[in-house]
Amino acid sequence: MDKRRSVAFILAAIVAGICAHAQSATEPTVAPPAMPTLSVKTATPIVLEPLKGDHAFDMHADERKLIPQVLNTYGVQATIDSSVISRRIHFEADEVDFAEAVDLLELATGTFVVPLDSLHVFVAADTKENRNKYQRYTTQTIYFPGLANAELADMGNIARNVFGAERIAVDPSHGTVTVRTPETDSEVLSEVYAELGSGKSVLQLEVQLYEIDKTRATNVGVILPTSTTIFNVPSEVKSILSNNASLVDEILASDPALAGNYEAILAALIASGALTGTVFNSPFAVFGGGLTETGLDFSGVSVNMLLNSTDARSLNQLELRVLDQEDATVRSGKRYPILTSSLTSLGSSSSSSGAIPQVQYEDLGLTLKVRPHIGLANDVSLNLDLKLSSLEGVSLNGIPILTNREYTGVVSLRLGDSALIVSDLSKQESLELTGVPGLGDIPGLNGATDRQDTKDIMELAIMITPHVVRQGHQETVGPMLFLPRH
């Protein structure tokens, strides 16, 4: 048969890319240019132009005679290959057009039809050898911008494993896949690539990080002295006045009315500052009366009423765009250098060269990984992986010890709703009691013991809100594509 230049197609844009088709497989494939815009010339495809209309058939005839008679009904002339056997069959069809009649003929006779021009076809037995010999092949080069090498290799595997393409060239440097397939497979392969290349959904994740530090310190109560002095008031007054007789005489000379009023004289001496270091210069309490009046020294007693409270909050707000079922990572913290080892080399001189440190950097703080997945009912699942790393403060052989806290889980919510994660980073609480043992436990004497209470709490809250920026596939399933028979 006269081999003609096979048809070449220009695929629709896939993921905002442009697909270019090369010439027939009989000509060498030209490598695409580095720029994404490809300009090619395509051959005019062979299009059959049968007579329009539907026809009914009920025929008993030999295959070699039946096929031309059916096709001639639509004004198409057929050339029968010698591989078509002479076998009498019954062909029956009700009101079918040309395309339907060709499909029924191929199924009934086990043949395939190859167009030669608008009104002539070539018919051969449907065998692998005849397909390779007579079937028209098309070489097409498809440009996939933005695909990773692994995804580009998957596109080539689709043509190889699904369509049985034997000649495939994947060029990661240009982002292209060149495939040589039968002409009947070319259009279906284009539709498959267009369906797969329509792109994943794009989500925008609003991530808000709240860090809350709370400190509360209280110091309330009475601190009693560990020891005290009990004294007889009349005896102590007389002793002090007798030891300071000259001062007493000076007061009586200035104010004779105070004669015999020992307590008033003592108060005047203390007020003038002439007396110091006595039991009456400090707070005291008295009980009893007359000669048995007794005093109790209260020096060293203190009352505390202290409240100190702080509340600090910090906020980080981030917006991330991520593909559906792809990982997004948020880090908040710093990279901390940790000395793992040091190398010291000895030179030829008596002194050694400096030590060369071996440093490993660790991520301290928050590391959050999110993988979203859009469901069928406008919901989204968030695969969360949260890790909190900090220094323990204790070193082993000079190497700091890290503490890690991790959370892994899946959260399902509707689009626009928020997922909230709350974690206690640290919590410290201390209580210190000062006073007489057991005195604060007596009802009514709770304040007789001094209480120092300190609380230090650090909390972390993470709120994630997903929004859809672009919906890749609206349907639950894609279109059904029928592969041509081989």
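Axes are lines fitted to C-alpha atoms, for helices over the stretch in contact, and the angles between their N-to-C directions run from 0 to 180 degrees. The exercises below concern a predicted model.

**Exercise 1. Determine how helices H7 and H8 are oriented relative to each other, and which residues meet between them.**

Step 1. Two packed helices are described by the angle between their axes and the distance between those axes.

Step 2. Helix H7 covers residues 245-254 and helix H8 covers residues 262-272; they pack at an angle of about 100°, and their axes are 10 Å apart.

Step 3. Angles from 65 to 115 degrees count as roughly perpendicular, and H7 is therefore roughly perpendicular to H8.

Step 4. From H7, Leu247, Val248, Ile251 and Leu252 take part, meeting Ile265, Ala268 and Leu269 of H8.

**Exercise 2. Establish the strand order of the open sheet that contains E11, E12 and E13, and state which strands stand at its edges.**

Step 1. Strand E12 (residues 284-287) pairs with strand E13 (residues 294-297) over 4 bridges, in the antiparallel sense. Within this pair, Val286 has Gly295 of E13 as its bridge partner.

Step 2. The two strands E12 and E13 form a hairpin with 6 residues between them, and Gly288 in the turn has a positive phi of about 90°.

Step 3. E11 and E13 also run antiparallel, joined by 3 bridges. Here Asn232 is found opposite Thr294 in E13.

Step 4. Helix H6 (residues 233-243) packs on the sheet and touches E11, E12 and E13; the direction of H6 makes about 75° with that of E11.

Step 5. The order in this open sheet of 3 strands is E11-E13-E12, with antiparallel pairing. Strand E11 (230-232) and E12 each have a single partner strand and stand at the edges, so one side of each is left without a neighbour in the sheet. From one strand to the next, the twist averages 25°.

**Exercise 3. Identify the elements that build the largest nonpolar core, and describe the contacts of Leu368.**

Step 1. This core has 22 residues, of which Val207, Leu366, Leu368, Val370, Leu382, Ile462 and Ile464 touch the most other members.

Step 2. Two or more residues each come from strands E10 (202-223), E15 (328-343), E16 (356-374), E17 (379-396), E19 (419-434) and E20 (450-470). The largest share, 5 residues, is that of E17.

Step 3. Once neighbours within four places in sequence are left aside, Leu368 is in contact with Val207, Ala328, Thr329, Val330, Asp385, Leu386, Ile462 and Ile464.

Step 4. Another core, of 21 residues, lies apart from the largest one; among its members are Val70, Val76, Leu105 and Val121.

**Exercise 4. Locate Glu95 and Gln325, two residues that have a positive phi without being glycine.**

Step 1. For Glu95, phi is about 45°, and the residue lies in strand E4 (residues 88-96).

Step 2. For Gln325, phi is about 65°. Gln325 is placed in the loop between strand E14 (302-323) and E15.

Step 3. Partly exposed residues fall between 20% and 50% relative accessible area. Gln325 counts as partly exposed because its relative accessibility is 43%.

**Exercise 5. Decide how residues 1-42 should be read, given their pLDDT.**

Step 1. Over the chain, the mean pLDDT is 77, and 81% of the residues reach 70 or more.

Step 2. Throughout residues 1-42, pLDDT stays under 50, although the model has 92 contacts beyond four places in sequence for this stretch.

Step 3. Where pLDDT is low, predicted coordinates should not be read in detail.

Methods. Residues numbered from 1 in each chain as written. Predicted model: local features only at pLDDT ≥ 70, side-chain atom pairs only at ≥ 80, totals over all residues. Heavy atoms only, no water. pLDDT = per-residue confidence, 0-100. Contact = heavy atoms within 4.5 Å. Core = buried A, V, L, I, M, F, W, Y, C linked by side-chain atoms within 4.5 Å. Buried < 20%, exposed > 50% of the residue type's maximum accessible area, 1.4 Å probe, protein only. Pairing = 2+ DSSP bridges. Parallel < 35°, antiparallel > 145°, perpendicular 65-115°, else oblique.
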